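Open your viewer, switch to a cartoon view and get ready to select residues as we go. Each stop below tells you what to pick and what to look for.

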Amino acid sequence: MTGRTLFVSDLDGTLMQPGAYLSDKTIDLLNRSIADGKLFTIATARTPATVSNIIKDVNMNIPGIVMTGAAIWNPATNRYSNQKYMNPQGVEKLVETYRSMNFPIFLFTLDDELINIYHIGGKLNKLEQDFMDERINSPYKRFHISEDGTEILPADFSKTILFYGMQPTELAETTYARTCGIEGCRPQFYHDFYGPTIGIVEAFSTEATKANAVAHMKQLTGADRVVAFGDNLNDIPMLKAADVAVAVDNALPEVKEIADIIIAPNTEDSVAEFIFNAS
């Protein structure tokens with residue numbers, strides 16, 4: 001490969017093993033690649049609350065893309081940059097829609113150092129409670145949620161970075177459809193580790209995409225080209241924008257269809273091997 005290459009990898013289903021961890025082999029190969037001068041970063045839907053532990057043994061020396069491109073996060077300083085805030089009027093309409101659909105959902109705001117999380121829709125269900133309990137002690141997040149279900153919302157919506165909810169598939173898909181077309185907002189609906197019976201609903205700024213964040217990182221690092229790795233639907237814009245799109249063998253068919261290269265599945269450390277062996 002000629003010129004300086006920026007390697008960008010999704011985490012879940014791509015770089016990580018099942019169980020949400022990096023294997024010793026992947027960590028070793030990434031660190032050897034970084035020590036050799038290669039540019040490596042991650043692009044994930046996750047927030048630093050979980051990313052920080054996953055990548056703690058990787059000697060990343062450039063920031064990572066988090067929250068599906070809604071922000072750039074520097075692990076060394078715990079500072080955010082390039083935040084893509086949602087349109088406040090659009091946020092108000094989203095809140096009204098989620099309430100009218102009886103769709104409980106978390107609302108995230110972000111300043112330079114801390115994510116604040118609020119909840120719309122009464123008391124938490126079990127999935128939501130588990131979600132909060134797993135993150136309640138994180139230094140990267142602060143929850144503003146009452147025990148009796150009384151809504152606590154931010155003073156204004158100007159720092160809203162995303163919405164995230166997980167509910168039965170039919171309700172999730174119907175609610176998602178109702179939010180499509182709200183100005184300044186980019187809603188998403190998909191299935192993930194909760195399985196086919198639980199749908200994930202998210203909403204971001206229209207500017208918050210992995211593709212836009214990768215373009216920013218390319219400029220920031222002075223890279224000549226981008227090689228991106230992914231497995232899921234939210235990776236497709238990033239893969240299409242990359243100079244080389246690489247899908248792992250366990251990727252969805254839609255992802256494989258647009259990939260330039262298909263490598264072994266994530267369980268075989270294929271992303272780290274590809275980066276290590278790239279000239």
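Start by selecting strand 9 together with strand 11 (residues 198-205): the two run antiparallel and are joined by 6 bridges. Keep in mind throughout that this is a predicted model. To find one of the pairings, click methionine 166 and then its bridge partner in strand 11, isoleucine 200.

Now keep strand 9, which covers residues 160-168, and add a surface. Is this strand mostly covered or mostly open? It is mostly covered, with 8 of its 9 residues buried.

Next, add strand 6 (residues 105-110). Strand 6 and strand 9 are antiparallel too, and 4 bridges join them. As general background, strands of a sheet pair through backbone hydrogen bonds, either parallel or antiparallel. Within this pair, phenylalanine 108 stands opposite leucine 162 of strand 9.

Stay with phenylalanine 108 and show its surroundings. Setting aside residues up to four places away in sequence, phenylalanine 108 touches Leu162 as well as others, including Thr47, Ile115, Phe131, Lys141 and Tyr164.

From here you can step into the nonpolar interior. Which members of the largest nonpolar core touch the most other members? Phe40, Met67, Phe108 and Phe229 do, in a core of 75 residues. Colour strand 13 (residues 244-248) as well, since the largest share of this core, 5 residues, comes from that strand. Then select Val91, Tyr98, Met101 and Ala172, which are among the 18 residues of a second, separate core.

For the next stop, look at a small sheet. Select strands 3, 4 and 5: these 3 strands form an open sheet in the order 3-4-5, with antiparallel pairing. The edges are strand 3 (64-66) and strand 5 (79-81), each of which pairs on one side only. Neighbouring strands here are turned by 40° against each other on average, ignoring direction. Zoom in on strand 4 (residues 71-74), which is joined to strand 5 by 3 bridges. One pairing to click is isoleucine 72 with serine 81 of strand 5.

Now go to lysine 210, which belongs to helix 7 (residues 210-221). Why does lysine 210 count as buried? Its relative accessibility is 2%, and buried means under 20%, so lysine 210 falls in that class. Show its contacts beyond four places in sequence: they include Asp10, Ala43, Thr68, Asn234, Asp235 and Met238.

Time to look at the empty spaces. Begin with the largest pocket, which has a volume of about 1000 Å³. Its lining is made by 43 residues, and Asp12, Ala45, Tyr190, Asp192 and Phe193 are the ones nearest its centre. Several elements supply at least two lining residues each, among them helix 1 (11-15), helix 3 (48-54) and helix 5 (126-133). You have already met others on that list, including strand 9, strand 11 and helix 7. Which strand gives the most to this lining? Strand 10 does, with 4 residues; select 185-190 to show this strand.

The last stop is a closed space. How many cavities of 30 Å³ or more are there? The count comes to 1. The largest cavity holds about 50 Å³ of space. To display its walls, select His119, Gly122, His144, Ile145, Ser146, Gly149, Thr150, Glu151 and Ile152, the residues that line the largest cavity.

Terms used. Residues are numbered from 1 along each chain as its sequence is written. This is a predicted model: local features need pLDDT of at least 70, side-chain atom pairs count only at pLDDT 80 or more; totals for chains, interfaces and linings use all residues. Side-chain values use heavy atoms; hydrogens and water are left out. Two strands pair if DSSP finds at least two bridges between them. Axes are lines fitted to C-alpha atoms, for helices over the stretch in contact, and angles run from 0 to 180 degrees between N-to-C directions. A nonpolar core is a set of buried Ala, Val, Leu, Ile, Met, Phe, Trp, Tyr and Cys residues joined through side-chain atoms within 4.5 Å. Buried means under 20% relative accessible area, exposed over 50%, partly exposed in between (1.4 Å probe, protein chains only). Contact means heavy atoms within 4.5 Å. On a 1 Å grid over the protein atoms alone, a cavity is a set of points where a 1.4 Å probe fits but cannot get out, and a pocket is an open set with protein on both sides within 12 Å along at least five of seven lines; lining residues have an atom within 4 Å of a point. Grid points are joined across faces, edges and corners, and a volume is the space filled by probe spheres set on the points.
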